[in-house]
Amino acid sequence: MVLIIFTINIVYVSFLTIRMIMTLKGYRYMAAIISMIETVIYIVGLGLVLDNLDQIQNLIAYAIGFGSGVIVGSKIEEKMALGYITVNVITSDEDPTLPKKLREKGYGVTDWIANGMEGGRQSMQILTPRKMELQLYTTIKELDPKAFIIAYEPKTIHGGFWVKQVRKGKLFK
């Protein structure tokens, strides 16, 4: 019984975590479908615990399963890598070849010259699918190990090189 409660709660909270993230990223219909499955799993798991409230190990299994489910759900979402990431890069020196090298690898790069405390810098803004995020970081670090990198998730994307390439199916091919 303890193992069943523990497993049910891991599955339930994993679904809950994924549903919440999908809702925040705008995947409403998929989130609604997941929420239906999540509700059934929740009611079954909670029912098992409530039917056996006199056994503390069931309550402990429920709590540990809940915490474990948060971790598992987060890992699953990480692997799904939904959405896009915007990466701002500030190089240690001005290097006009750096944006060109990134563009050759398929990234849409907007770059400009910037000034830092110690002089000239190059600033770049790069938009990429989250699935390509780690690969982009590796590429940037290979090209400039001292680069300063900040990443965030954009909510809305409209126009530009990147959107055109996605529509044509040419990004990263």
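Accessible areas come from the Shrake-Rupley method with a 1.4 Å probe. On this basis, the accessible surface of the protein amounts to about 11000 Å², and carbon and sulfur atoms contribute 62% of that area. The model examined here is a predicted one.

The protein contains six helices and four strands. Along the sequence, these elements are arranged in the pattern α-α-α-β-α-β-β-α-β-α. The radius of gyration is 22 Å, well over the 16 Å that the globule rule gives for 173 residues, and the protein is therefore more spread out than a compact globule. Taken along the principal axes, the box filled by the C-alpha atoms has dimensions of roughly 70 × 35 × 25 Å.

Of the 173 residues in the protein, 36% are buried. Among contacts with a separation of 6 or more, 72% are made by residues 24 or more positions apart. With regard to charge, the protein carries 20 positive and 15 negative charges, and the mean positions of these two sets are 9 Å apart.

Two spans, residues 6-22 and residues 29-50, are covered by the annotation "transmembrane region" in the unreviewed UniProt entry. In the predicted model, residues 6-22 are 100% helix and 0% strand, with the end C-alpha atoms of this span lying 24 Å apart. Residues 29-50 are likewise 100% helix and 0% strand, and here the distance between the end C-alpha atoms is 31 Å.

Definitions and conventions: Residues are numbered from 1 along each chain as its sequence is written. This is a predicted model: local features need pLDDT of at least 70, side-chain atom pairs count only at pLDDT 80 or more; totals for chains, interfaces and linings use all residues. Side-chain values use heavy atoms; hydrogens and water are left out. Helices (H or I, at least four residues) and strands (E, at least two) are DSSP runs, numbered from the N terminus. The radius of gyration is taken over C-alpha atoms; the globule rule is 2.2 Å times the number of residues to the power 0.38. Buried means under 20% relative accessible area, exposed over 50%, partly exposed in between (1.4 Å probe, protein chains only). Contact means heavy atoms within 4.5 Å. Lys and Arg count as positive and Asp and Glu as negative; His and the chain ends are not counted. The place of a charge is taken as NZ of Lys, CZ of Arg, CG of Asp or CD of Glu. UniProt positions are given in the numbering used here, feature names are shortened, and annotations may be inferred rather than shown by experiment.
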